[in-house]
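You asked for some comments on this structure before you take it to the bench. My notes follow as numbered points and begin with one helix pair before moving outward.

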Amino acid sequence: MTHLRGSVDAGSANFASSCCCTYGYSGYSASRRAFLKSVVVLGGGAVLSASGTAAAAFAQATSSAPTSKGNRIDVHGHFSPPNLFKAMLAQGRQNFADWTPQRALEAMDESGVATAMTSVPPHFDLETVDEDARPANEFAARFLADHRGRFGVFAFLPMPHVDTTLREIEYAFDTLKLDGVGMFTNYADKWLGDAMFNPVFEELNRRNAIVFVHPISLGPSQFAQLLPSDGAIQEQTDTTRALANMIFGGAASRYPNVRMIFAHGGGTMPYLIERFTSMAKGQRYAQLLPQGFSGAASRFYYDTAWTSNPVAMGALTKVVPLSQIMFGTDYPARTIADHVKGLKECGVFTDRQLEQIERENALALFPRFKT
Ligand SMILES: [Zn+2]
């Protein structure tokens, strides 16, 4: 079965340089497979070539104390597993391919970030995702252990393949001890909240898991880049699609133990609040959503990447409580400093509220970073 998203590579690369990271298409299967068969080289120079070595590496790694003087927690950073370098370069994302733990730590220290929660940049290839996930997660376990306390990791899942995803969830949590899982807003024409993902959410619900949701481009069957700005529009819009589908499709109610963080301030959701509120009151959804749309949306979390401005933060804070908003930067797609400055100067938050957004709200989800 081939549903490669390579057909939109060119368009994706065109707008990638001017917007965040709406991409995810791979046209490199054959060469990538050859690459995978070679070796996975880790950031510290170590090499992992078999699943079992990751656990050993995790257990034996020496910890390095945080050196940052700041205490911010960035819940939206990315890491680059070597097995996906070629895909990132094919998408024109040199900044992601250049990522190393050391460069990330320097940027974090410059902007007072103690800990960065990281996930694989938006990418999946239906033909190879089953074999992409494991080395990516093992790479993550290594840099997590090498820099204890400085990073957290959302596991890369081989979605939309449910069976392999369930196996990877077990490995990521039970063996690698990762902090949560990452998901993209859509997979091969299915958005989060689709019934095909119910077994995955059942397992995540059982584990009280944290899910970081990141936008990705549409597949070739839906995608048409009508305007140069479609990258930015798609990214925010697809986040809204996934969020709304989780709520109106019932999955958010069915799996209440799953704690979901939506990137980029929830996309366009706050601006569409009047529409969603009206829908929730209608006969079709009133029983499903007794607290209304805002009640359901207020159970999700939202990061501040690309939305650290008066318009976006002003709107988001009118829909969800402050406790649901967490500092996010999209590093290395954007600078951390941009977001520190944007939040401070947006005029929406007091200094006390910034302390909550930039650290305390995230600590409630990730208590292991308490110092
Ligand atoms: Zn991102």
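1. The crossing of helices H8 and H9 is right-handed, and this should be read with the caution that the model is a predicted one. The residues that make the contact are Val162, Thr165, Leu166 and Ile169 on the side of H8, and Pro199, Val200, Glu203 and Leu204 on the side of H9.

2. As for the geometry of this pair, the axes of H8 (residues 162-175) and H9 (residues 198-206) come within 9 Å and cross at roughly 15°. Because angles under 35 degrees count as roughly parallel, H8 is described as roughly parallel to H9.

3. Helix H8 also packs against H7, at an angle of about 5° and with the two axes 11 Å apart, and these helices are therefore roughly parallel to each other as well. Here H7 contributes Asp130, Ala133, Arg134 and Asn137 to the contact, while H8 contributes Thr164, Glu168 and Ala172.

4. The largest nonpolar core has 98 residues, and those with the most contacts inside it are Ala140, Val181, Leu204, Val211, Val213, Ile247 and Ile261. Helix H7, which spans residues 129-146, gives the most to this core, with nine residues. Leu204, one of the core residues just listed, is also among the H9 residues that touch H8.

5. The main sheet is open and has eight strands in the order S3-S4-S5-S6-S9-S10-S11-S12, with parallel pairing. Strands S3 (72-78) and S12 (325-326) stand at the edges with a single partner strand each, so one side of each is left without a neighbour in the sheet.

6. Within that sheet, strand S6 (residues 180-184) runs parallel to strand S9 (residues 210-214), and four bridges join them. One detail worth locating in the viewer is Met183, whose bridge partner in S9 is Val213.

7. Which residues does Val213 contact, leaving aside its neighbours within four places in sequence? They are Met183, Thr185, Leu192, Ala242, Met260, Ile261, Phe262 and Ala263, and of these Ile261 is, like Val213 itself, listed among the core residues with the most contacts inside the core.

8. Turning to the chain as a whole, it has 16 helices and 12 strands, and 52% of its 371 residues count as buried. Among contacts with a separation of 6 or more, residues 24 or more positions apart account for 80%.

Methods:
Residues numbered from 1 in each chain as written. Predicted model: local features only at pLDDT ≥ 70, side-chain atom pairs only at ≥ 80, totals over all residues. Core = buried A, V, L, I, M, F, W, Y, C linked by C-beta atoms within 7 Å. Buried ≥ 20, exposed ≤ 12 C-beta atoms within 10 Å, placed from the backbone. Helix = DSSP H or I, 4+ residues; strand = E, 2+ residues; numbered from the N terminus. Contact = placed C-beta atoms within 7 Å. Pairing = 2+ DSSP bridges. Axes fitted to C-alpha atoms, helices over the stretch in contact; angles between N-to-C directions. Parallel < 35°, antiparallel > 145°, perpendicular 65-115°, else oblique. Left-handed = near helix turned anticlockwise from the far one by under 90°.
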